[in-house]
Amino acid sequence: MNQPPFDPFDRGKVLHPPLPGDHVLSALRSELAHDLERNAQRRWMPSSRVGRAALSSILVVFFVLATAGEAWLRSPWVVLGFAAAYGMLLTGMLVAGAVPGRKHGLPRALRGGLLAVGGPLLLLSLWLSAETFLSLGEFVTAPYLHMATGCLAHSLITGGLATLGLLAIWRQTDPFSPHLTGGLLGLLGGAVGTLSVELGCANSEGLHLTLGHGMVVLALTCVGYWIGPKWMSP
Amino acid sequence: MSRYVSGDLGAFELLYRALAPRLFGYLLRLTRHRERAEDLVQITFSKVHRSRHSYLLGAPVLPWILAIARRSFYDEQRRTKVRPEELSGDGSVPEPKLVQDELDVDLADALEQALSRLPRAYAEAIQLTKITGLSVSEAAEVLGASRTAVKLRVHRGYVLLRTELERYARTEPDHPSDAP
């Protein structure tokens with residue numbers, strides 16, 4: 001008869017963990033007491049993430065308004081649509097569980113997959129929506145390059161504001177996979193940047209859309225991925 | 001944890017007493033140095049306190065704290081470039097001290113020695129699942145690996161441990177092989 005294999009961890013043989021010294025708890029008590037005194041009055045920001053997301057979205061919308069031309073002022077519903085889109089993106093991320101630890105969050109593999117394909121998929125969709133195509137040699141000459149650079153800068157600022165807002169709101173929530181979560185938040189912020197410039201730019205040339213409107217997504221995904229461990233992990 | 005997040009700081013001591021032993025045991029086996037492990041326990045709970053409002057209520061606490069501790073350990077290692085094994089004053093490698101009531105002294109020492117000789121990935125997986133008591137899913141979250149990878153590491157680590165502890169299996173009084 002086959003005997004079960006020897007298990008060093010079976011009942012009665014569990015390694016009981018040692019205890020840290022009492023000085024550790026004493027030091028923590030001092031730190032907590034000091035922290036209480038220092039932070040008693042720090043309540044000027046809304047405590048909920050939804051409230052802070054609303055504040056940061058207003059900041060993004062103000063920037064868009066400040067850089068828009070007269071055409072935008074004649075169509076306020078465009079701006080409202082942009083703010084609504086930002087809110088929907090945020091809600092979608094919450095529901096989809098971009099930040100782990102929630103009871104019904106997305107599994108790590110799926111989040112990694114979203115990160116890997118999200119940016120390239122957006123670039124591809126921009127390319128496919130183009131109506132005209134220049135060769136690379138034509139594109140790198142003025143005024144085409146100048147226009148693309150302007151759109152890229154605008155989308156980087158808008159997307160950067162959105163990304164910073166998202167990172168700040170979800171700061172220190174993910175010690176498990178901070179790279180992934182930071183990258184996903186960068187991807188979402190980049191999408192906000194693309195959306196903002198898409199609403200204001202009528203150029204439908206392929207390289208202009210891909211580089212001027214879409215490159216922000218890849219850039220901010222990388223920034224979010226790199227900055228993730230510093231901001232997302234406690 | 002919910003009470004602590006809500007502002008009941010008296011709950012912090014309860015949380016500490018419940019989790020510190022397991023956290024310290026984990027860090028002690030990572031660092032192989034008691035003082036550094038105690039420092040990391042303090043750093044971890046400081047971070048827990050500073051980020052308590054960002055804790056997602058309802059999420060399991062122990063994996064969250066262990067993930068913070070693990071990151072703190074690797075951040076410290078990168079900063080100081082200190083090897084995990086450090087010699088004490090007499091030149092020996094300090095072993096984690098165990099509280100032993102039911103445990104055979106020789107087997108406990110042998111088990112600790114065998115764990116310290118395992119590749120770190122296997123040792124961490126075994127420690128989190130068998131000693132700290134996390135599920136495979138929770139251990140996978142802490143280690144940043146898939147469930148399959150963690151199961152594989154535990155299995156391979158077990159094979160190596162059994163090989164090392166084989167003589168205890170033959171002489172262990174409760175083992176069926178010794179029954180008349």
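Reply: A residue counts as buried when its relative accessible area is under 20%, and as exposed when that area is over 50%. Please keep in mind that this is a predicted model.

Me: Which residues are buried in helix 3 of chain B?

Reply: Applied to helix 3 of chain B, the cut-off marks Arg36(B), Ala37(B), Glu38(B), Leu40(B), Val41(B), Thr44(B), Phe45(B), Ser46(B), Lys47(B), Val48(B) and His49(B) as buried. The helix has 17 residues, and its first and last C-alpha atoms are 24 Å apart, close to the 24 Å expected at 1.5 Å a residue.

Me: How many helices and strands make up the secondary structure of chain B?

Reply: Chain B has 9 helices and 0 strands. Read from the N terminus, its elements run α-α-α-α-α-α-α-α-α. Chain B has 180 residues, of which 50% count as buried. Among its contacts between residues at least 6 apart in sequence, 63% join residues at least 24 apart.

Me: How should one read an aromatic pair, and how many does the structure hold?

Reply: A pair of aromatic rings is described by the distance of the centres and the angle of the planes. Over all chains, the structure holds 6 aromatic pairs. One of them joins Tyr4(B) and Phe12(B), which are tilted, with 5.5 Å between centres and 50 degrees between the planes. Tyr4(B) is buried, because its relative accessible area is 0%. Phe12(B) has 1% relative accessibility and therefore also counts as buried.

Phe12(B) has a further aromatic partner, Phe45(B); this pair is edge-to-face, at 5.8 Å centre to centre and 90 degrees between the planes. The pair links distant parts of the chain, since Phe12(B) lies in helix 2 (residues 10-31) and Phe45(B) in helix 3 (residues 34-50), 33 residues apart. Tyr4(B), Phe12(B), Tyr16(B) and Phe45(B) form one aromatic cluster.

Me: Which residues have the most contacts inside the largest nonpolar core?

Reply: In soluble globular proteins, nonpolar side chains tend to be buried together. Here the largest nonpolar core has 59 residues, and Met1(B), Tyr16(B), Leu27(B) and Phe45(B) have the most contacts inside it. Helix 2 of chain B gives the largest share of this core, 12 residues. A second, separate core has 8 residues, among them Leu167(A), Ile169(A), Leu185(A) and Leu188(A).

Me: Which residues does Phe45(B) touch, leaving aside those up to four places away in sequence?

Reply: Leaving those aside, Phe45(B) touches Leu28(A) in addition to Phe12(B), Tyr16(B), Leu19(B), Ala20(B) and Leu23(B).

Me: Is Ser72(B) buried or exposed?

Reply: A polar residue is read by the same cut-off. Ser72(B) counts as buried because its relative accessibility is 3%. Ser72(B) is found in helix 4 (residues 61-80) of chain B. Not counting residues up to four places away in sequence, Ser72(B) touches Leu40(B), Ile43(B), Thr44(B) and Lys47(B).

Me: Where is the place of Ser146(B) in chain B?

Reply: Ser146(B) lies in the loop between helix 7 (136-143) and helix 8 (147-164). With a relative accessible area of 42%, Ser146(B) is partly exposed. The side chain of Ser146(B) reaches the backbone nitrogen of Ala149(B) at 3.1 Å.

Me: What sits over the ring of Trp226(A)?

Reply: The charged end of Lys230(A) sits over that ring, 4.6 Å from the centre.

Technical notes:
Residues are numbered from 1 along each chain as its sequence is written. Chains are lettered from A and ligands numbered from 1 in the order in which they are written. This is a predicted model: local features need pLDDT of at least 70, side-chain atom pairs count only at pLDDT 80 or more; totals for chains, interfaces and linings use all residues. Side-chain values use heavy atoms; hydrogens and water are left out. Rings of Phe, Tyr and Trp (its six-membered ring) pair if their centres lie within 6.5 Å; planes under 30 degrees apart count as stacked, over 60 as edge-to-face and the rest as tilted. Buried means under 20% relative accessible area, exposed over 50%, partly exposed in between (1.4 Å probe, protein chains only). Helices (H or I, at least four residues) and strands (E, at least two) are DSSP runs, numbered from the N terminus. A charge sits over a ring if NZ of Lys or CZ of Arg is within 6 Å of the ring centre and within 35 degrees of the ring normal. A nonpolar core is a set of buried Ala, Val, Leu, Ile, Met, Phe, Trp, Tyr and Cys residues joined through side-chain atoms within 4.5 Å. Contact means heavy atoms within 4.5 Å. A polar contact is a pair of N or O atoms within 3.5 Å; within protein, one must be able to donate a hydrogen and the other to accept it, and residues adjacent in sequence count only if both atoms are side-chain atoms. The expected span of a helix is 1.5 Å times one less than its number of residues.
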